[in-house]
Amino acid sequence: MNIPTHIAVIMDGNGRWAKKRGLPRTEGHKAGTEAARAVVTRCRELGVRHLTLYTFSKENWSRPKAEVRTLFELLVSFMKSEGPSLKQQNIRLKVLGELDDLPLAARQALRHVIKSTADCTEMTLNLALNYGGRDEILRACRSLTARGVPPEDITEEAFQNELWTAGQPDPDLVIRTSGEYRLSNYLLFQAAYAELYFTDTYWPDFTPEALEKAIQDYNSRQRRFGKTGEQLA
Ligand code: IPE
Ligand code: IPE
Ligand code: MG
């Protein structure tokens, strides 16, 4: 099986998972963290080199305050419980998004794990946190302009180097759970040629087996990058 080098996931459906069970949305988020933990480990075992999890979008700030608070509390406990395990699995943690805008406890917990896993080489785990694709593109434009980079030097490569994912390959496969068919401002520049995989499964029910099914589906695709099928045959 051809394992994608970079998998990006939109972990959606925690709220509906909880609602279906008559539980508060926060229980869905809690169950979602368990699913994330298992998927991280399986990706690492399968030899995925970059895994990006959409953890909190810029737009998610508009949710009820209590839900936002719970999400960051869960993130802090995830960092505390999983930090050592990430290091032990040789997984490097990165955040795609502005850390300084996060609640203090989350910022500190993340910084700690980012630091302690900085030398890990088996897989990079990117948490897209406080992330927005358009915002990321505008940030890159501002940074290039502020440095006075001449227009002819603004190449795709130069641009990529200004994104949060600088130095990492583009996602090969984008997975979205919960039956929604949209990108929700995720990796707009990087996902230009990603294969898209959608499943009705709510994120908390997305098991390592479901991940393998998505990878199998990816293996049935022909990535043409603008060429004809015959050219690639
Ligand atoms: C995804 O699940 C988690 C975050 C966006 C943080 P949702 O909370 O969006 O769940 P639904 O879409 O309401 O079911
Ligand atoms: C996308 O899910 C963001 C995350 C998974 C963190 P949303 O639930 O926020 O997306 P929309 O609002 O349904 O597009
Ligand atoms: Mg949602």
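Colleague: How do the residues of the lining of the largest cavity divide into nonpolar, polar and charged?

Modeller: This is a predicted model, in which local features need pLDDT of at least 70 and side-chain atom pairs pLDDT 80 or more, while totals for chains, interfaces and linings use all residues, and side-chain values use heavy atoms, without hydrogens or water. Residues are numbered from 1 along each chain as its sequence is written, with chains lettered from A and ligands numbered from 1 in the order in which they are written. A cavity is a set of points on a 1 Å grid over the protein atoms alone where a 1.4 Å probe fits but cannot get out, and lining residues have an atom within 4 Å of a point. With Ala, Val, Leu, Ile, Met, Phe, Trp, Tyr, Cys and Pro counted as nonpolar, Asp, Glu, Lys and Arg as charged, and the others, Gly among them, as polar, the division is three nonpolar, three polar and two charged.

Colleague: Which element gives the largest share of the lining of the largest cavity?

Modeller: The largest cavity has a volume of about 50 Å³ (the space filled by probe spheres set on its points), and its lining consists of Arg37, Val40, Thr41, Phe78, Glu82, Ser85, Leu86 and Gln89. Two or more of these residues come from each of α2 and α3, where helices are DSSP runs (H or I) of at least four residues and strands (E) of at least two. The largest share, four residues, belongs to α3.

Colleague: How many polar residues are in the lining of the second largest cavity?

Modeller: About 30 Å³ of space lies in the second largest cavity, which is lined by Ile10, Val174, Ile175, Arg176, Arg182, Leu183, Leu196, Tyr197 and Phe198. Strands β5 (173-176) and β6 (195-198) are the elements that give two or more residues to that lining. By class, the lining has seven nonpolar residues and two charged ones, while the number of polar residues is no more than none.

Colleague: What space does ligand 1 take?

Modeller: Ligand 1 is surrounded, within 4 Å between heavy atoms, by residues including Met11, Asp12, Gly13, Arg16, Arg25 and His29. Polar side-chain atoms of Arg16 and Arg25 lie 2.7 Å and 2.9 Å, respectively, from an oxygen atom of ligand 1, each a polar contact (a pair of N or O atoms within 3.5 Å). Among the elements, α1 supplies three residues of this shell, the largest share. Since a molecule sits in a pocket if more than half of its atoms lie within 2 Å of the grid points, the space taken by ligand 1 is the largest pocket.

Colleague: What is the volume of the largest pocket?

Modeller: A pocket is an open set of points with protein on both sides within 12 Å along at least five of seven lines. The lining of the largest pocket divides into 14 nonpolar, ten polar and seven charged residues. The space taken by ligand 2 is also this largest pocket, and the pocket has a volume of about 700 Å³.

Colleague: Which strand gives the largest share of the shell around ligand 2?

Modeller: The residues surrounding ligand 2 include Ile10, Met11, Tyr54, Thr55, Phe56 and Arg176. Polar side-chain atoms of Asn60, Arg182 and Ser184 lie 2.9 Å, 2.8 Å and 2.6 Å, in that order, from an oxygen atom of ligand 2. By class, the shell has four nonpolar, three polar and four charged residues. Its largest share, three residues, comes from strand β2 (residues 50-57).

Conventions
A polar contact is a pair of N or O atoms within 3.5 Å; within protein, one must be able to donate a hydrogen and the other to accept it, and residues adjacent in sequence count only if both atoms are side-chain atoms.
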